[in-house]
Amino acid sequence: MRTIATANGAHGAPYSAPIRTTCPYCGVGCGVLVSREGDAITVRGDPEHPANLGRICSKGAALGETLSLDDRLLYPEINGERTDWNTALDTVAHRFAQVIAEHGPDAVAFYVSGQLLTEDYYVANKLMKGYIGSGNIDTNSRLCMSSAVAGHKRAFGSDTVPGCYEDLELADLVVLVGSNMAWTHPVVFQRLVAEKKARPEMQVVLIDPRGTATADLADLHLGIKPGADAWLFNGLLNHLKREDAIDWTYLEAHVEGFGPTLQTVSGLSIPTVATQCGLAETDVATFYRLFTQTTKTVTVFSQGINQSSSGVDKVNSVINVHLATGRIGKPGAAPFSITGQPNAMGGREVGGLANQLAAHMDFTSADIDRVGRFWHAPNMAQQPGLKAVDLFEAVHDGRIKALWIMATNPAVSLPDSNRVAAALHTCPFVVVSDVVSRTDTSVYADVKLPAAAWGEKEGTVTNSERRISRQRSFMPAPGEVRPDWWIVNEVAKRMGFGEGFGHVGPAQIFSEHAALSGFENAGTRDFDISGLLPPASYDSLQPLQWPLTSQGETPRMFADGHFFTPSGKARMLPITPRAPMHATDQATPLLLNTGRIRDQWHTMTRTGKAAKLLAHIDQPFIEMHPHDARQAGVEDGALARLSNANGDMLARVVESREQQIGSVFAPIHWNDQFTGRGRVGALIHAVTDPISGQPEFKQTPVTVAAYAASWHGFVMTREALDCTAAAGYWTRVRAKTCWRHEIAGLEIAADAQLQMRDLIGLAGDWIEMKDAGVTRYRGALIQNGRLLAVYFLEREADRLPPRHWLESLFDRETLSDVERRALLLGRPGPGMADNGRIICACFGVGEKSLTKAMAEGATSVEALGIQLKAGTNCGSCIPELKHLLQRP
Ligand SMILES: Nc1nc2c(c(=O)[nH]1)N[C@H]1C(S)=C(S)[C@@H](COP(=O)(O)OP(=O)(O)OC[C@H]3O[C@@H](n4cnc5c(=O)[nH]c(N)nc54)[C@H](O)[C@@H]3O)O[C@H]1N2
Ligand SMILES: Nc1nc2c(c(=O)[nH]1)N[C@H]1C(S)=C(S)[C@@H](COP(=O)(O)OP(=O)(O)OC[C@H]3O[C@@H](n4cnc5c(=O)[nH]c(N)nc54)[C@H](O)[C@@H]3O)O[C@H]1N2
Ligand code: SF4
Ligand SMILES: [Mo]
């Protein structure tokens, strides 16, 4: 239990009025109300926040469960030993200064994150680019949005997202390209679902190689060949021309480059597109007809487009069709890059990418001079720094000798992650600022700096629709954690840069940032929030969409047809489609696609703390078509090993016809803290888009083979165990009242039963049931009647009993005889229900409860909602409820 701050900021006593803040996860940027009900901190959607109007998703709703201190980094550490802030900050400043003095400013780097607040981000960028004098600050947005940024800049002359969420509701056609919005931007998806319900004639087209929860809403799903999107949009452009659907008046007035662009696509027929994209001609034709006929069209694009070695070109192929039809800057008409992280946009605003300067300025001599004068910077960087993948390559080969990582976990999330780990291992000086004590990255840190987490700090974030919202604190900062901006400023001061970093708080940093956005701007740059000055309003800042000038906020950009290029016109660009860099071959015949699951956030450091969020999907998996599973010699539920020349991972096979033959999908979330060998990044080739530097995360050739485990088991304990030595494959997840470890291995030791008991290493009485030899073991460790551990072992995985009801036995003060017997039999006794896998995370409704209700006559999503509450809070599980209802 954590105490929360009173509304006026004092610590201790509970408050009654909820605190209004913003969810720290996805780029939807939902406003939330945090309050305390009884012992729990509850998080609800803020009805007054324009992004979500009261809605929330499973991750947001579970935020209250992620606030415990058990795995937090609470004190600074040097070489794994606790130290005080002075020593830690002096060490960082000294080591950075030393490397700079010996090897120059380009021998140091920062790797930061779209999960920093704008104020944190601003000072980090200022320190590197204005004072240290290097461009070597890059951000995980490189992995996320950099192709969209580059595409925007090529087309619009600025990194501007033209539309807003309301445009999706106003549109008559919404095209979702490479977006699994139902799981990744759930609240925007809910808004779309509601609109579609109100206006069923509104059309939704999904373009994604695999069938996803998002496909549930789509009138048309184009299961495109991986990587082929530019063909589809080039073909569409030609179709628009053929059908005389080009807005020539708009083009003449507001666009350049359309002649050569239209020339490039001329002759590209529907049959050719269908072949290139692996689609039926009729489906391509239907999509083209819908697009041609529907003026109010929004095309939402995300990582299926961006994360590609030709991501920037794909972005421009999408923007091209919107420019050609003048469908931009109008209500219900826009190309829409939906951002991933809560502050991906804020990072772009402060210039967090190595090739940008602050406030949407570039490395031109005029901008370098302007920013330098504004900052009174002693040492402005004169050229862009290294982009993430190149930056870590420079760490690997020793060009970068001191690296500071803030709010990101590159040992998991960068491509070729084993090489990244090796780079961190050899780097002479690594600093990691994080909120948790142990990550796959922080194990390599020389210095660990404890950052204040969500709920403990103040600042702002910008969501996908350019809306700036406040994050407000509602809890006292635990231990010695400090906000990231403070940590950066303290290091800057100790490096001798006191004059630029004397801010007393985030409000002052924000107003400096706002002032820079307006500095010598006069309408020449899109990013201008100088209308928010003076900063007296910071505490009560309302969620507003930039540009924010004296005229107020701006929901839609480019309504006047004016763009930020030298000519004031937007640009269409001729695009030549390129295939993914690495093709499949005999050794690696399957194309690995990677992405997100509904209830986990990236490397699980926070969502992995909520048992609720691990109840839906609790193991790394690889989804594949039954045909490919047969070819690879694996089957549903079995373990498989994915590998290629870079590395390997273990995961459980999920057979699904939603995967196209030849493609497999694995989630990005699993890492060494939660599983043995589950880091998908280990397989990804470090190939990037030549312009944006964004990695090709969606198309990696791999091979899949059975992981022929000869034994399977699980262990439940009150404390987490390290199973590395005991099992070839293991996972470790939090359940409500215990930790659950799934384990399996190739060889079984003769004394396996005892080995595991040793590992659990607790005193007490074992009650057990076992076969002679090691084919079966079922044991429970009980101390004074209280259950401490459960351990099951079988030759075959499917002989293991369901786990969910077993977890509930950890609730009991003493185990009854009936419960002990039921436990060893592996079957719930009378009155002990097994609800099965949790489908609805909000109300903990399991699959078995749902199928039972269905058998008893609940034949619709609504009926399941009335009977079990399933799907009635965030609605993220509704696509799955529908699947269950459709199951024969
Ligand atoms: N639950 C949850 N939500 C999140 C996050 C999270 O970790 N968990 N992270 C946030 C972040 S930072 C981001 S960037 C966003 C990402 O949000 P999304 O981009 O929606 O998510 P992904 O799952 O990465 O990928 C989207 C889809 O692209 C498809 N795809 C793969 N290859 C291709 C292709 O060649 N063409 C097309 N058209 N599609 C393809 C994949 O099959 C996948 O369904 O999610 C944000 N929201
Ligand atoms: N294969 C594959 N890889 C991918 C992707 C993919 O689709 N496929 N997607 C890529 C994308 S789009 C993204 S955005 C990245 C995300 O990848 P990462 O950024 O590496 O993932 P996170 O787990 O979000 O890392 C955030 C870290 O910051 C810490 N943290 C949280 N709050 C704070 C804070 O306030 N201050 C500080 N200092 N630390 C904090 C968290 O504990 C965590 O360790 O992954 C990328 N990698
Ligand atoms: S959609 Fe969910 S994860 Fe995203 S901001 Fe809203 S509540 Fe948070
Ligand atoms: Mo992202």
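1. Two strands count as paired if DSSP finds at least two bridges between them. By that criterion, this predicted model contains a closed barrel of six strands. The order is S21-S25-S22-S24-S23-S26, and the pairing is mixed. Direction ignored, neighbouring strands of this barrel are turned by 45° against each other on average.

2. One barrel pair can be checked by residue. Strand S22 covers residues 621-624, and strand S25 covers residues 663-667. They pair in the antiparallel sense, over two bridges. In this pair, Glu 623 stands opposite Phe 665 of S25.

3. Next, the open sheet. Five strands make it up, in the order S10-S9-S8-S12-S13, with parallel pairing. Its edges are strand S10 (220-222) and strand S13 (334-337), each of which pairs on one side only. Neighbouring strands here are turned by 15° against each other on average, direction ignored. Strands of a sheet pair through backbone hydrogen bonds, either parallel or antiparallel.

4. Follow strand S9 (residues 203-207) through this sheet. Five bridges join S9 to strand S8 (residues 173-177), and the two run parallel. Val 175 stands opposite Val 205 in S9. S9 is also joined to S10, by three bridges, and again the run is parallel. There, Leu 220 in S10 is the bridge partner of Val 205. Four of the five residues of S9 are buried, so the strand is largely enclosed by the rest of the structure.

5. A helix covers part of the open sheet. Helix H14 (residues 311-324) packs on it, touching strand S12 (297-301) and S13. The direction of H14 makes about 175° with that of S12.

6. Now the nonpolar cores. The largest has 62 residues. Phe 96, Phe 110 and Trp 404 touch the most other members. A second, separate core holds 51 residues, including Ile 224, Val 265, Tyr 288 and Ile 328.

7. Phe 110 deserves its own entry. Leaving aside residues up to four places away in sequence, Phe 110 touches Phe 96, Ala 124, Leu 127, Met 128, Ile 132, Asn 136, Ile 137 and Asp 138, among others. Its contacts also include Leu 391, Leu 403, Trp 404 and Met 406. Two of these partners, Phe 96 and Trp 404, are named with Phe 110 as touching the most other core members.

8. Which residues are around ligand 3? They are Cys 23, Tyr 25, Cys 26, Val 28, Gly 29, Cys 30, Ile 56, Cys 57, Lys 59, Gly 60, Pro 186 and Val 187. Helix H1 (58-61) and helix H7 (186-198) are the elements that give two or more residues to this shell. By class, the shell has nine nonpolar, two polar and one charged residues.

9. His 582 sits in the loop between strand S20 (570-571) and strand S21 (590-595). Is His 582 buried, partly exposed or exposed? The relative accessibility is 30%, and the buried class ends under 20% while the exposed class starts over 50%. His 582 therefore counts as partly exposed.

10. His 582 also has contacts far along the chain. His 582 and Val 687 are 105 residues apart in sequence, yet 8.8 Å apart in space, C-alpha to C-alpha. Not counting residues up to four places away in sequence, His 582 touches Leu 591, His 685, Val 687, Glu 696 and Pro 701.

11. Check the cis bond. The peptide bond from Trp 546 to Pro 547 is cis, with omega near 0°. Pro 547 lies in the loop between strand S19 (544-545) and S20.

12. Two backbone entries concern phi. Ala 359 has a positive phi of about 55° although it is not a glycine. Ala 359 is in the loop between helix H15 (344-350) and helix H16 (365-375). With a relative accessible area of 1%, Ala 359 is buried.

13. Lys 869 is the other entry. Lys 869 has a positive phi of about 70°, although it is not a glycine. Its place is in the loop between helix H28 (861-868) and helix H29 (878-886). Lys 869 counts as partly exposed, at 45% relative accessibility.

Note on methods
Residues numbered from 1 in each chain as written. Chains lettered and ligands numbered in written order. Predicted model: local features only at pLDDT ≥ 70, side-chain atom pairs only at ≥ 80, totals over all residues. Heavy atoms only, no water. Near = heavy atom within 4 Å. Nonpolar A, V, L, I, M, F, W, Y, C, P; charged D, E, K, R; others polar. Axes fitted to C-alpha atoms, helices over the stretch in contact; angles between N-to-C directions. Core = buried A, V, L, I, M, F, W, Y, C linked by side-chain atoms within 4.5 Å. Buried < 20%, exposed > 50% of the residue type's maximum accessible area, 1.4 Å probe, protein only. Contact = heavy atoms within 4.5 Å.
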